[in-house]
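Me: I would like to take a close look at one small part of this model and then see what surrounds it. Could you walk me through it in plain words?

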Amino acid sequence: MIAAFFNLLIFPGFLFLAIFGLAAEYIDRIIYARLQNRMGPPWFQPLADLIKLIAKEDVIPCEANPRMFKMMPILALTAAVTASFYIPLWGERALFSFNGDLVVVLYLLTIPTLTFFLGGWYSTSLFSKIGAMRAITQLFAYEVPLFICILAPALLANTWSLSEMAAFYAAHPFYWTFNLIGFGVALIAMLGKLEKVPFDIPEAETEIVAGTFTEYSGKLLGFFKLAIDVEAVVGASLLAAVFLPFGYGIGSYLGFVIYVAKVLFIICLLALSRTIFARLRIDQMMEFCWKYVAPLAFVQLVIDLALKGVLIR
Amino acid sequence: MGLVRKIVTWARIKSPWIIHFNTGACNACDIEIVAALTPRYDLERFGIQLKGTPRHADVLVCSGPVTKQITPRLKRIYEQMPEPKFVVAVGTCSCSGGVFQGCYNVESGIDEVLPVSAYIPGCPASPKAIIDGVTKLLMSLEDKEGSRIQGPGSGKK
């Protein structure tokens with residue numbers, strides 16, 4: 001009982017993920033700033049933003065549905081934290097695992113996007129409604145390539161459990177190099193999932209104010225921001241577990257360092273793309289994802305199917 | 001309780017998010033405000049970020065004498081911001097009305113309409129002056145630490 005609460009709230013649950021998420025946001029922002037040739041924020045900036053938002057007044061528009069409006073940020077945060085329990089962070093075993101947890105993790109990581117949609121929809125402001133519609137439109141563009149390219153390595157490992165996948169790739173050291181196309185596709189899809197440039201169309205501040213979050217303020221906005229940070233870390237952990245499965249079984253301390261390094265590497269790639277690309281229009285994004293990214297994901301699937309026939313009898 | 005208040009004050013000083021609103025300026029001050037937000041002056045060092053919506057903002061940065069037409073809109077934007085909130089007047093016109101003082105169509109300065117926390121004079125106020133003014137406003141919050149920080153909104157004119 002106490003161990004369960006410890007796992008849920010402190011490690012590797014809420015507290016660890018929140019601190020790691022804030023640190024990842026800082027690293028994202030400092031890389032963005034350094035690439036623009038400026039100093040960037042101090043190290044405590046994401047924490048200061050969060051505390052300030054929690055201490056601010058919550059304004060709920062009188063047109064909005066107060067229950068849904070208040071529930072959505074908490075739901076987003078909960079879903080993102082829950083997804084982390086099934087991902088092997090360091091070592092081959094996740095905290096919990098069963099056959100099929102890969103699909104559960106993917107669905108849990110979809111819930112934040114759904115809450116952005118519902119939160120924006122129930123704030124009833126025009127800008128948030130446009131943002132909500134864009135969020136759900138974007139979901140259809142990146143979700144299919146993401147699912148295909150994450151299920152392809154699972155196909156090679158012949159299991160739908162993340163822990164067993166990690167064990168398979170640990171037993172066959174260089175098999176992960178076959179999945180590099182899938183890694184690229186998953187990175188692009190992750191940009192869409194986290195609503196980062198070039199796919200920050202739902203919260204494009206130069207067009208639709210702040211998109212889905214236009215009416216959110218204070219605590220609720222703080223929870224949404226924290227949920228996005230946690231989702232970034234959990235998503236990066238998922239990519240690390242599926243596409244970079246090495247460095248297991250060398251002691252928990254060194255394993256932890258390697259895990260953090262892998263996640264930060266993925267965060268750095270996301271920050272880099274945020275710097276070098278400009279925002280796409282929603283139709284350009286759909287076209288890009290369906291014309292180029294989804295076929296690449298299918299190529300990954302075919303490669304893994306062929307390899308399965310050759311390598312594994 | 002004292003520790004919590006100290007942490008909250010620290011967080012508020014370190015993370016002021018601003019919203020920029022043109023209250024009838026000639027556009028010179030607006031250009032300077034936007035210039036102050038560019039990588040050259042890098043206001044993110046102080047945690048300052050430009051936000052699009054008043055719901056996210058802590059500081060309302062106004063420029064220009066308040067025209068009669070924009071007064072109700074300015075009040076509405078101010079009321080949409082969650083507490084605690086501050087108003088910064090950028091440029092001579094928004095401080096006192098400037099050359100438009102006494103004109104038939106202006107209110108002669110932001111403080112005729114809203115309580116103002118910091119005045120930044122200049123025609124236009126240079127980015128350096130804006131950064132100086134904003135950091136002075138943040139420092140004045142630090143001095144008030146101990147008493148509960150509230151925007152001056154309660155005693156609205």
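Leaving aside its neighbours within four places in sequence, which residues is Gly247(A) in contact with?

Reply: Happy to help! This is a predicted model, so local features need pLDDT of at least 70 and side-chain atom pairs count only at pLDDT 80 or more, while totals for chains, interfaces and linings use all residues. Residues are numbered from 1 along each chain as its sequence is written, chains are lettered from A and ligands numbered from 1 in the order in which they are written, and side-chain values use heavy atoms, with hydrogens and water left out.

Setting aside neighbours within four places in sequence, Gly247(A) touches Gly255(A) and Ile258(A); contact here means heavy atoms within 4.5 Å. You will find Gly247(A) in the loop between H10 and H11 of chain A. Helices (H or I, at least four residues) and strands (E, at least two) are DSSP runs, numbered from the N terminus. With a relative accessible area of 29%, Gly247(A) is partly exposed; buried means under 20%, exposed over 50%, and partly exposed in between, with a 1.4 Å probe and protein chains only. Trp90(A) is 157 residues from Gly247(A) in sequence, yet their C-alpha atoms are 8.3 Å apart in space.

Now for the two helices on either side of that loop. H10(A) (residues 218-243) and H11(A) (residues 252-276) pack at an angle of about 110°, their axes 9 Å apart. Axes are lines fitted to C-alpha atoms, for helices over the stretch in contact, and angles run from 0 to 180 degrees between N-to-C directions. That angle makes H10(A) roughly perpendicular to H11(A): angles under 35 degrees count as roughly parallel, over 145 as roughly antiparallel, 65 to 115 as roughly perpendicular and the rest as oblique. Among the residues making the contact are Ala232(A) and Ala236(A) of H10(A), together with Tyr259(A) and Lys262(A) of H11(A). The contact residues divide into nine nonpolar, one polar and one charged. In this scheme Ala, Val, Leu, Ile, Met, Phe, Trp, Tyr, Cys and Pro count as nonpolar, Asp, Glu, Lys and Arg as charged, and the others, Gly among them, as polar.

H10 also helps to cover another helix. In H7(A) (residues 162-171), the buried residues include Leu162(A), Met165(A) and Phe168(A). H5 (101-122), H6 (126-157) and H10 of chain A are among what covers the buried residues of H7(A).

Elsewhere in chain A, H2(A) (residues 14-35) and H3(A) (residues 45-55) offer a second pair to look at. Their axes come within 8 Å and cross at roughly 120°, which means that H2(A) is oblique to H3(A). Leu22(A), Glu25(A), Tyr26(A) and Arg29(A) in H2(A) meet residues of H3(A) that include Pro46(A) and Leu50(A). This contact divides into five nonpolar, one polar and three charged residues.

Finally, let us step out to the partner chain. The contact takes 28 residues from chain A and 25 residues from chain B, and the area buried between them is about 2300 Å², 58% of it given by carbon and sulfur atoms. Buried area is the accessible area (1.4 Å probe) that two parts lose on being put together, summed over both. In chain A, Arg38(A), Lys52(A) and Lys56(A) lose the most area to chain B, together 26% of what that side buries. Chain B has five helices and five strands.
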